[in-house]
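Good morning, and thank you for coming. Please take a moment to look at the sequence and the structure before we discuss them together.

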Amino acid sequence: MNQRDWEDMATFGTNLYIGEIGDNYRNYNTKFIYECPEPDVLDLDNREIECTSYEFTYNDNIKHDAETLMIDTNGDIYIITKHPIGTSGKSKVFKYYFK
């Protein structure tokens, strides 16, 4: 599993979602969200979990840097971007559903 610039995590049901959504220098078109079963912290013998990777690009085709990943109670995923550094641009909210 890639660990380029993880920014945020959220839970939904029994899964943990990890947002590979950071991009401080806006080098990457492709971002990722990893869906992982919540690990059993009491099971010290089993430290490996299998995660599903969801690859995406922002639908406005801009290389955004994001810090926030949220999941609604219906499973929709929201990502909030930062404004471009050195500009008065605005943050954006993107909605995704991968299933």
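Is F94 buried or exposed? I ask you to keep this in mind that we are looking at a predicted model. F94 has a relative accessibility of 7%. The cut-off for a buried residue is under 20% relative accessible area, so F94 counts as buried.

Let me now place F94 in its surroundings, beginning with the sheet. Three strands form an open sheet, in the order β5-β6-β7, and their pairing is antiparallel. At the edges are β5, residues 66-71, and β7, residues 93-96, each of which pairs on one side only. From one strand to the next, the twist averages 20°. For those new to the subject, strands of a sheet pair through backbone hydrogen bonds, either parallel or antiparallel.

We may take the two pairings in turn. Strand β6 covers residues 77-81, and 5 bridges join β5 to this strand. Across that pairing, T68 stands opposite I80, and L69 stands opposite I79. The hairpin of β5 and β6 has 5 residues between the strands, and there G75 takes a positive phi near 100°. On the other side, β6 and β7 pair over 4 bridges, again in the antiparallel sense. Here I79 stands opposite F94 in β7.

Which side chains of β6 point to the buried face? The side chains alternate along the strand: I77, I79 and T81 point to one face and are buried, whereas Y78 and I80 point to the other face and are not buried.

I79 deserves a closer look. Leaving aside neighbours within four places in sequence, I79 is in contact with a list of residues including I21, I33, F56, Y58, L69, F94 and Y96.

This brings us to the nonpolar core. In soluble globular proteins, nonpolar side chains tend to be buried together. In this model the largest nonpolar core has 13 residues, and the members that touch the most others are Y58, L69, I77 and I79. The elements giving two or more residues to this core are β5, β6 and β7. The largest share, 3 residues, comes from β5. There is also a second, separate core of 5 residues, which includes L16, I18, Y34 and C36.

Finally, I turn to the aromatic rings. How many aromatic pairs are there? The count comes to 5. One of these pairs is formed by F56 and Y96; the pair is tilted, with 4.7 Å from centre to centre and 50° between the planes. F56 belongs to strand β4, residues 52-56, and Y96 to strand β7, so to speak of distant parts of the chain is fair: the two are 40 residues apart. Both F56 and Y96 are buried.

Y58 and F94 form another tilted pair, at 4.6 Å centre to centre and with 45° between the planes. Because Y58 lies in the loop between β4 and β5 while F94 lies in strand β7, this pair ties together parts that are 36 residues apart in sequence. Y58, with a relative accessible area of 1%, is buried. Ring pairs link F56, Y58, F94 and Y96 into a cluster.

One further ring should be mentioned. R4 lies over the face of Y28, at 3.8 Å from the ring centre.

To return to the opening residue: F94 is buried, stands opposite I79, and belongs to the ring cluster with F56, Y58 and Y96. Thank you for your attention.

Note on methods: Residues numbered from 1 in each chain as written. Predicted model: local features only at pLDDT ≥ 70, side-chain atom pairs only at ≥ 80, totals over all residues. Heavy atoms only, no water. Pairing = 2+ DSSP bridges. Axes fitted to C-alpha atoms, helices over the stretch in contact; angles between N-to-C directions. Core = buried A, V, L, I, M, F, W, Y, C linked by side-chain atoms within 4.5 Å. Buried < 20%, exposed > 50% of the residue type's maximum accessible area, 1.4 Å probe, protein only. Contact = heavy atoms within 4.5 Å. Phe/Tyr/Trp six-rings, centres within 6.5 Å; stacked < 30°, edge-to-face > 60°. Lys NZ or Arg CZ within 6 Å of the ring centre and 35° of its normal.
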